[in-house]
There are 2 protein chains.
Amino acid sequence: MKIGDIHTEKIKITAEKIQQFGTFSEDFNPIHFDDKAAQAHGFPRRIAHGMASAAFFSKIIAQTFPGPGSVYLGQTLKFSAPVFIDETLTFKLEVIAQKEGKPIFTLKTEAYGEDQTLKISGEAVIKAAV
Amino acid sequence: MKIGDIHTEKIKITAEKIQQFGTFSEDFNPIHFDDKAAQAHGFPRRIAHGMASAAFFSKIIAQTFPGPGSVYLGQTLKFSAPVFIDETLTFKLEVIAQKEGKPIFTLKTEAYGEDQTLKISGEAVIKAAV
């Protein structure tokens, strides 16, 4: 892992995933499960929990970039646009800094919608396996 | 909701929740499911996914503090100590700032372990329902 390395991965935020996240977190806010409830709050249809989409940064870091043995030290998240059910997000992770002499990296973390809207942005700090 | 308001809530991070989070996120890193794998990475026993615990800040904001109709604009997270399976975390949310004239609040968000260790800290930015 070095500054400038980029990993992108597409993940579909399915209705099944939103059901699973609701069960896990006990967050069954109707804006995530019912189009009419979402419309009452100004959304065109039901939307994913922000943290449900953001959790995939964690999954990508743990499994792929940099992968097993890495330790997740921190994450910032800005939720700038809603993610809709069955939308395929493109997750983009880019190494932007390294702590001098240590395997500790800052990654720019972004998730884009199908129309290229930036939906979630922020930075992760991770310690890579040595 | 006003500056100084505090909400605390205890949530147990059970083995069942970690299984559910694994299924949802497709993150079955063995350090979360197998004590021996966790020990190989220097932990005394298996640990929860950091984002699995952090997701409960989202749940508390959506359901209780301030509750339905609120919009989650951002979250920062620092994972400073591992969360163990079946540990009961105390989530503490405190309103520390408000955007002048707007229902947009910054909350200090912390999760403490059973021994009062600070495990996760950061800030949330939310827009409360008006």
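Select strand β1 of chain B, residues 6-13 (helices, H or I of at least four residues, and strands, E of at least two, are DSSP runs numbered from the N terminus), and colour its side chains by face: H7(B), E9(B), I11(B) and I13(B) point to one face and are buried (under 20% relative accessible area, with a 1.4 Å probe and protein chains only), while I6(B), T8(B), K10(B) and K12(B) point to the other and are not buried. The model is predicted, so local features need pLDDT of at least 70 and side-chain atom pairs count only at pLDDT 80 or more, whereas totals for chains, interfaces and linings use all residues. Residues are numbered from 1 along each chain as its sequence is written, chains are lettered from A and ligands numbered from 1 in the order written, and side-chain values use heavy atoms, without hydrogens and water.

Next add β3(B), residues 87-98, which pairs with β1(B) in the antiparallel sense over eight bridges (pairing requires at least two DSSP bridges); here T8(B) stands opposite K92(B).

Now show both chains, which bury about 2800 Å² between them, 59% of it on carbon and sulfur atoms (accessible area, 1.4 Å probe, lost on being put together and summed over both). On the chain B side, select F24(B), M51(B) and F79(B), which lose the most area to chain A, together 24% of what that side buries.

Then zoom to K17(B), which forms a salt bridge with E26(A), the closest N and O atoms being 2.6 Å apart (the rule asks for a Lys or Arg side-chain nitrogen within 4 Å of an Asp or Glu carboxyl oxygen).

Finally, select β2 of chain A, residues 71-79, joined to β2(B) by five bridges in an antiparallel arrangement, where Q75(A) stands opposite L77(B).

How values were computed
Buried < 20%, exposed > 50% of the residue type's maximum accessible area, 1.4 Å probe, protein only. Buried area = accessible area lost by both parts, 1.4 Å probe.
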